[in-house]
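Work through these exercises with the structure open beside you. Try each task before you read its solution.

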Amino acid sequence: SQVSFEEKSQNSPSVGHWKPLMPSKGDKEEPESGSQDAGGVHEPQSTEQLNVSRLRSSSVEIREKGSEFLRDELHKAQKELKLKDKECERLSKVREQLEQELEELTASLFEEAHKMVREANTKQAAAEKQLREARGKIDMLQAEVTALKTLVITSTPSSPNRELHPQLQSPSKAGFRKGHGRNKSTSSAMVSAASHNVAPEPVSQECKEVDSILFAEFQAWKESPTLEKSCSFLDRIYREDVGPCLDFTKQELSELVRVAVEQNTLTIEPVASQAVPVGKVAAEECGGPKKCALSGLPRTCKHRIMLGDSGSYYYISPSCRARITAVCNFFTYIRYIQQGLVRQDVEPMYWEVMRLRREMSLAKLGFYPSEM
């Protein structure tokens, strides 16, 4: 607009005619008319100049406003550009961060997968090593059991093997331990059970026949030997043999004896070996050398029992001792079987269990060896 305005101002027609201020030589005759003409021309010339100056000032003002407007627009455009640059930079950072997180996640997943594989391989190697060691131990134990087989199967609680129990070879140094019993007395006043060993009756000369029901129960128990009463094998023996054999007149003490026999914490000592240290109080004693604590009858008591570590002793008669010993012998043998120490066929083990049951039956009926 400013340029068009300037073009229009340049192309506008001039007003009046310009005449020279100084007259030429040929015009000396009309000095006054020339001056008058010059004065008439000066007035429109000043008006034109005023108009031009106004036009020029307005054009400058328009130019300044236009430049200011352009500067504002430029500043706005620069600000928007800066904002877009910042937004682009922020989005670029977000993209880089996401890419980095994706890379880290991928790397961690691969690392975790490799770690799991390594752990699995390590566990597998450890398990294989343990399996080899277990097989080696099993082979070693089998060899040891095979080597001790003869000693174990010929050593029963009622007829111990002297090679397996060397303490029985010397009565002066031997400790009385029958079934679950432990001897804590001096050896000078003790009667060793080894000196009164009675040879077992020759079972081979007897006529015998396997009871199918009892044998089936024993076979089922032998597959998974346990000391729980829930199995039919032990349930029958508890009802028919163990219960009646340990059923004494003193019911409360009888129950304590049964629990001690089951837990293998019963101690039997000969009365002759009792020695009370000087200055010390003896443990609580029930019954007496002339009265049985289990039956309550006046009997000559050659032995006493202690239940666990209670410190209380109970005097028992030879008949009660035979009944307790028979039950202890039975539990000792089935523990041998449970621990895998008896390597025999099922039938010989069955007949050994029947022999121990016969001992319990005889003991509960009052039969016992004279050395009791």
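**Exercise 1. Find the bridge partner of Pro270 in β3, then describe how the two strands pair.**

Solution. This is a predicted model.
Step 1. Look across from Pro270 into β3: its bridge partner there is His303.
Step 2. Identify the strands. β1 covers residues 266-270 and is joined to β3 by five bridges.
Step 3. Read the direction. β1 and β3 run antiparallel.

**Exercise 2. Which strand lies across from Met306, and how many bridges does it share with β3?**

Solution.
Step 1. Start at Met306. Opposite this residue stands Tyr313, in β4.
Step 2. Count the bridges. β4, residues 313-316, pairs with β3 over four of them, in the antiparallel sense.
Step 3. Inspect the turn. The hairpin of β3 and β4 has five residues between the strands. There, Gly308 takes a positive phi near 65°.

**Exercise 3. Sort the residues of β3 by the way they point, and decide whether they are buried or exposed.**

Solution.
Step 1. Recall the rule. Side chains in a regular strand alternate between the two faces of the sheet.
Step 2. Apply it to residues 303-307, which make up β3. His303, Ile305 and Leu307 point one way. Arg304 and Met306 point the other way.
Step 3. Check the cover. Buried means under 20% relative accessible area. Five of the five residues of β3 are buried, so this strand is mostly covered.
Step 4. Set this beside the whole chain. Of its 372 residues, 27% count as buried.

**Exercise 4. How many residues does the largest nonpolar core have, and which have the most contacts inside it?**

Solution.
Step 1. Recall the tendency. In soluble globular proteins, nonpolar side chains tend to be buried together.
Step 2. Count. The largest nonpolar core has 48 residues.
Step 3. Pick out those with the most contacts inside this core: Leu266, Leu294, Ile305, Ile324 and Phe330.
Step 4. List the contributors. The elements giving two or more residues include β1, β3, β4, α6 and α7. The largest share, 10 residues, comes from α6.
Step 5. Zoom in on Phe330. Leaving out residues up to four places away in sequence, Phe330 touches Leu234, Ile237, Val353, Leu356 and Met360.

**Exercise 5. Give the order of the elements along the chain, and say what share of the contacts is long in sequence.**

Solution.
Step 1. Count the elements: seven helices and four strands.
Step 2. Read from the N terminus: α-α-α-α-α-β-β-β-β-α-α.
Step 3. Take the contacts between residues at least 6 apart in sequence. Of these, 68% join residues at least 24 apart.

Terms used:
Residues are numbered from 1 along each chain as its sequence is written. This is a predicted model: local features need pLDDT of at least 70, side-chain atom pairs count only at pLDDT 80 or more; totals for chains, interfaces and linings use all residues. Side-chain values use heavy atoms; hydrogens and water are left out. Buried means under 20% relative accessible area, exposed over 50%, partly exposed in between (1.4 Å probe, protein chains only). Contact means heavy atoms within 4.5 Å. Two strands pair if DSSP finds at least two bridges between them. A nonpolar core is a set of buried Ala, Val, Leu, Ile, Met, Phe, Trp, Tyr and Cys residues joined through side-chain atoms within 4.5 Å.
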